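Biologist: Could you pick one part of this model and take me through it closely? I'd like to see how it sits among its neighbours.

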Amino acid sequence: MAQYKGAASEGNRAMHMQKKRDKAKEQLEELKAKIVNENAIKSNIHNKFSAHYDAVEAELKSSTVGLVTLNEMRARQETLIQEREKQIAMTDEAKLKSKKDQVKKKERSRKIAALSFPVDGEEDDDEIEEEIDLFDYSLYSRDVSILPTVLPKKAKKNPDVDTSFLPDREREAQEEGMKEQIRKEWVTKQENLKNEEIEITYSYWDGSGHRRKVKMKKGNSIQQFLIKCLEQLRPDYSELRTAGVEHLMYVKEDLIIPQHYTFYDFIMTKARGKSGALFQFDVHDDVRLMGDARVEKDESHAGKVVLRHWFEKNKHIFPASRWEPYDPEKKFDKYTIK
């Protein structure tokens with residue numbers, strides 16, 4: 001007859017209970033091992049403290065000979081204990097002093113490395129000594145591992161070293177102020193120069209010259225000059241009545257001057273043309289009795305005001321054949337007026 005083993009759920013329940021028992025057994029073994037470790041640690045601590053009393057007991061036995069009373073025994077034991085504590089205190093004090101010396105030596109090395117000039121060792125040692133003495137080491141018991149670290153100080157500077165080449169905000173601000181003042185003075189001077197009046201002699205050229213004079217400011221442009229010339233010439237020359245400033249050219253020392261230049265530009269640069277200076281607007285000849293090839297001729301010719309269509313028709317004929325556009329990079333003579 002077959003044996004009844006129960007339902008499948010009963011087997012699963014038995015397996016689950018077995019796993020729980022195994023787990024509880026493992027936890028119990030871990031708890032036992034933990035208790036054993038704690039007891040071992042406690043026993044080591046007891047041994048550390050007992051070393052002090054074992055040394056006192058051994059010294060008491062060696063120094064006691066014969067029979068002594070209980071009071072004498074206690075007095076001698078207290079004396080040995082005090083001497084032992086003094087020895088331990090002296091040992092700790094020596095360790096503390098050694099630690100302080102290491103701190104001072106390290107701090108001194110750091111400070112010397114931060115300086116840009118050599119210093120006397122004694123003076124630096126005294127300063128570090130004062131800084132370390134600010135701390136009360138008794139507050140830290142006998143544990144030298146928690147001694148405070150010395151806070152770093154700002155690097156010192158040698159007052160005898162020249163530092164004018166180093167950045168200085170105050171000096172730079174003063175220099176900037178002086179530069180700005182000089183710039184303003186220069187701008188004011190140039191504006192006054194541009195507002196000065198000059199008399200310009202020119203010649204309207206239509207194959208022959210018709211010389212006139214007009215007053216302009218040094219800061220006026222060639223275009224403004226031609227407008228004023230056109231106003232002056234229109235009543236006398238019918239071909240100019242319908243012409244505009246764009247139909248005119250200004251030729252000075254055989255160079256065609258663009259209309260955006262100003263008289264101030266030529267005056268400041270001392271520009272020269274083919275046959276004379278561009279910065280002189282009157283008319284004069286070189287009256288020296290003896291010529292000198294090392295010095296340019298000091299003469300100036302009247303500039304020519306010309307219609308463009310006349311130049312296009314006659315540019316193959318002298319003097320228009322000599323004219324060319326002005327180029328500030330081109331030099332026509334190596335001599336300058338002395």
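Modeller: A quick term before anything else: a residue is called buried under 20% relative accessible area, exposed over 50% and partly exposed in between, using a 1.4 Å probe and protein chains only. The model is predicted, so to speak of local features I need pLDDT of at least 70, and side-chain atom pairs count only at pLDDT 80 or more, while totals for chains, interfaces and linings use all residues. Numbering runs from 1 along each chain as its sequence is written, and side-chain values use heavy atoms, without hydrogens or water.

Let's zoom in on strand β5 (303-307); strands are DSSP E runs of at least two residues and helices H or I runs of at least four, numbered from the N terminus. β5 is mostly covered, with five of its five residues buried. The cover is on both faces: Gly-303, Val-305 and Leu-307 sit on one side, and Lys-304 and Val-306 on the other.

Now for the strands around it. β5 belongs to an open sheet of six strands with mixed pairing, in the order β2-β1-β5-β3-β4-β6 (two strands pair if DSSP finds at least two bridges between them). The edges are taken by β2 and β6 (324-325); each has a single partner strand, so one side of each lacks a neighbour in the sheet. With β1, β5 pairs in the parallel sense over three bridges, and Tyr-202 has Gly-303 as its bridge partner in β5. With β3, β5 runs antiparallel and shares four bridges; here Met-249 is matched with Val-306. One step further out, β1 and β2 are antiparallel and joined by nine bridges, with Glu-199 partnered by Lys-215 in β2.

β5 also feeds the largest nonpolar core, which has 41 residues (buried Ala, Val, Leu, Ile, Met, Phe, Trp, Tyr and Cys joined through side-chain atoms within 4.5 Å). At least two core residues come from β5, and likewise from each of β1 (197-205), β2 (209-217), α5 (222-233), β3 (248-252), β4 (255-257), α6 (263-269) and α7 (308-314). The largest share, six residues, is supplied by α5. Ile-200, Phe-225, Tyr-250, Ile-257 and Trp-323 have the most contacts inside the core.

Tyr-250 ties a lot of this together. Leaving out residues up to four places away in sequence, Tyr-250 touches Gly-303, Lys-304 and Val-305, among others (contact means heavy atoms within 4.5 Å). Its other partners include Ile-200, Phe-225, Leu-226, Ile-257 and Phe-281.

Charged residues turn up in this region too. Lys-252 forms a salt bridge with Glu-253, the closest N and O atoms being 3.6 Å apart (a side-chain nitrogen of Lys or Arg within 4 Å of a carboxyl oxygen of Asp or Glu). Glu-253 counts as buried because its relative accessibility is 5%, and Lys-252 is buried as well, at 2%. Contrast Glu-312 and Lys-315, whose salt bridge has its closest N and O atoms 3.3 Å apart: Glu-312 is partly exposed at 48%, and Lys-315 is partly exposed at 43%. Elsewhere, salt bridges with shared partners link Lys-274, Glu-324 and Lys-330 into one network. The structure holds nine salt bridges.
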